[in-house]
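Here are my notes on the structure, point by point. Please read them with the coordinates open.

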Amino acid sequence: YIDLCDFNNYHIAVRKRIVRMALEELKGDLKGLESVHINSVTNLAANGKTGTLTELPSDIRVLKSYDSLVFFIEGPSKAVPAYEYRLEIPGTTSIGETGALLKASLLTKEEGPGNLKTGESCPVQLFDYDSLTEGAAPHVRNRRRGDRFHPIGASGSKKLKDFFIDEKIPREERDSIPLVAKDNEVVWVIGYRINDKFKVTENTKNVLRLEYIKSTDGESLDGV
């Protein structure tokens, strides 16, 4: 990764040197890479739009992603397949595609928030149980066309795609982000924000606590 905030302020000769260093570190050498390739990367950094990709020899790809240049070697596709599991309430829902669990437990209003801190990126969040379970059953899944989301604290709803853009979430990461959803209404973008419609309020009678537990590489979640 190269941080573009500083990179584009350097003299062009320095930028080219940094690109050569990045490519050499990635590939191991600079064989097959010429000045035209270095220039294409510096041009991408200065003028390319987010999501633009430059292809170089030896299957090297350079992606402009918001404030970064991402250098990688193209390999077999690792796209996350579409998945959807009905949320077990109370209980534990296993998400095989992400190697994670979503644990759901019920609390009374008195047992609810207390001293629990549930910041935007916190893996534990609290919801109004009655509003969440009214109508369509909630599921955990990845994104679908037509998804909408009302981020907590925002003035209204928006397309999930627009939320991802506003949060500067790279396009290649969006399919891997798990969601709690009811039909096309997103309840929780896990790791980011919950839906304002399902937050705990003074009128909440029953609280649903959801905890997202992701394994570290090679670590089993059996028995969690």
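What covers the buried residues of H3? Point 2 takes this up, after a short overview.

1. **Overview.** This is a predicted model. The protein chain has 5 helices and 15 strands. Of its 224 residues, 37% are buried. Take the contacts between residues at least 6 apart in sequence: 60% of them join residues at least 24 apart.

2. **The cover over helix H3.** The buried residues of H3 are covered by several elements. Two helices are among them, H1 (4-7) and H2 (12-27). The cover also includes strands S2 (53-56), S3 (60-65) and S4 (68-73).

3. **The two sides of H3.** His37, Ile38, Val41, Thr42, Leu44 and Ala45 are the residues to look at: in H3 they are buried. They cover an arc of only 150 degrees around the axis, so they sit on the same side of H3. Val36 and Asn47 are exposed, and they are carried on the face turned away from that buried side.

4. **Length of H3.** The helix runs over residues 35-47, which is 13 residues. At 1.5 Å a residue it should span 18 Å. The C-alpha atoms at its ends are 18 Å apart, so the expected and modelled spans agree.

5. **Threonine 54.** This residue lies in strand S2, one of the elements that cover H3. Its relative accessibility is 14%; the cut-off for buried is under 20%, so threonine 54 counts as buried. Neighbours within four places in sequence are left aside here. Threonine 54 then touches Ser40, Leu44, Ile60, Arg61 and Val62. Leu44 is also one of the buried residues of H3.

6. **The four-stranded sheet.** In what order do the strands of the open sheet run? The order is S6-S7-S15-S8, with antiparallel pairing. S6 (91-95) and S8 are the edge strands, and each pairs on one side only. Neighbouring strands are turned against each other by 25 degrees on average, with direction ignored. S6 and S7 (residues 100-108) run antiparallel and are joined by 5 bridges. Within that pairing, serine 94 has leucine 101 in S7 as its bridge partner.

7. **Strand S13 and its neighbours.** 4 of the 5 residues of S13 are buried, so the strand is largely enclosed by the rest of the structure. S12 (residues 179-182) pairs with S13 over 4 bridges, in the antiparallel sense. S14 (residues 193-194) pairs with S13 over 2 bridges, also antiparallel. Valine 189 appears in both pairings: it is the bridge partner of leucine 179, and it stands opposite arginine 193 in S14.

8. **Two turns to check.** The hairpin of S12 and S13 has 2 residues between the strands, and aspartate 183 there takes a positive phi near 55 degrees. The hairpin of S13 and S14 has 3 residues between them. In that turn, glycine 191 has a positive phi of about 95 degrees.

9. **A ring pair between strands.** Aromatic pairs are worth a look next. A search of the whole structure finds 4 of them. Tyrosine 83 and tyrosine 85 form a tilted pair, 6.1 Å centre to centre with 35 degrees between the planes. Tyrosine 83 is buried at 3% relative accessibility, whereas tyrosine 85 is partly exposed at 28%. The rings of phenylalanine 127 and tryptophan 188 are also tilted, with centres 5.9 Å apart and planes at 50 degrees. Phenylalanine 127 is in S8 (residues 124-128) and tryptophan 188 in S13 (residues 185-189), so this pair ties together parts 61 residues apart in sequence. Phenylalanine 127 is buried at 0% relative accessibility, and tryptophan 188 is likewise buried at 0%.

10. **A phenylalanine cluster.** Which residues do ring pairs link into a cluster? They are Phe149, Phe163 and Phe164.

11. **An exposed loop residue.** Serine 155 sits in the loop between S10 (148-149) and S11 (158-159). At 85% relative accessibility, serine 155 is exposed. Its C-alpha is 9.4 Å from that of aspartate 196, while the two residues are 41 apart in sequence.

How values were computed:
Residues are numbered from 1 along each chain as its sequence is written. This is a predicted model: local features need pLDDT of at least 70, side-chain atom pairs count only at pLDDT 80 or more; totals for chains, interfaces and linings use all residues. Side-chain values use heavy atoms; hydrogens and water are left out. Rings of Phe, Tyr and Trp (its six-membered ring) pair if their centres lie within 6.5 Å; planes under 30 degrees apart count as stacked, over 60 as edge-to-face and the rest as tilted. Buried means under 20% relative accessible area, exposed over 50%, partly exposed in between (1.4 Å probe, protein chains only). The expected span of a helix is 1.5 Å times one less than its number of residues. The arc is that of the directions from the helix axis to the C-beta atoms. Contact means heavy atoms within 4.5 Å. Two strands pair if DSSP finds at least two bridges between them. Axes are lines fitted to C-alpha atoms, for helices over the stretch in contact, and angles run from 0 to 180 degrees between N-to-C directions.
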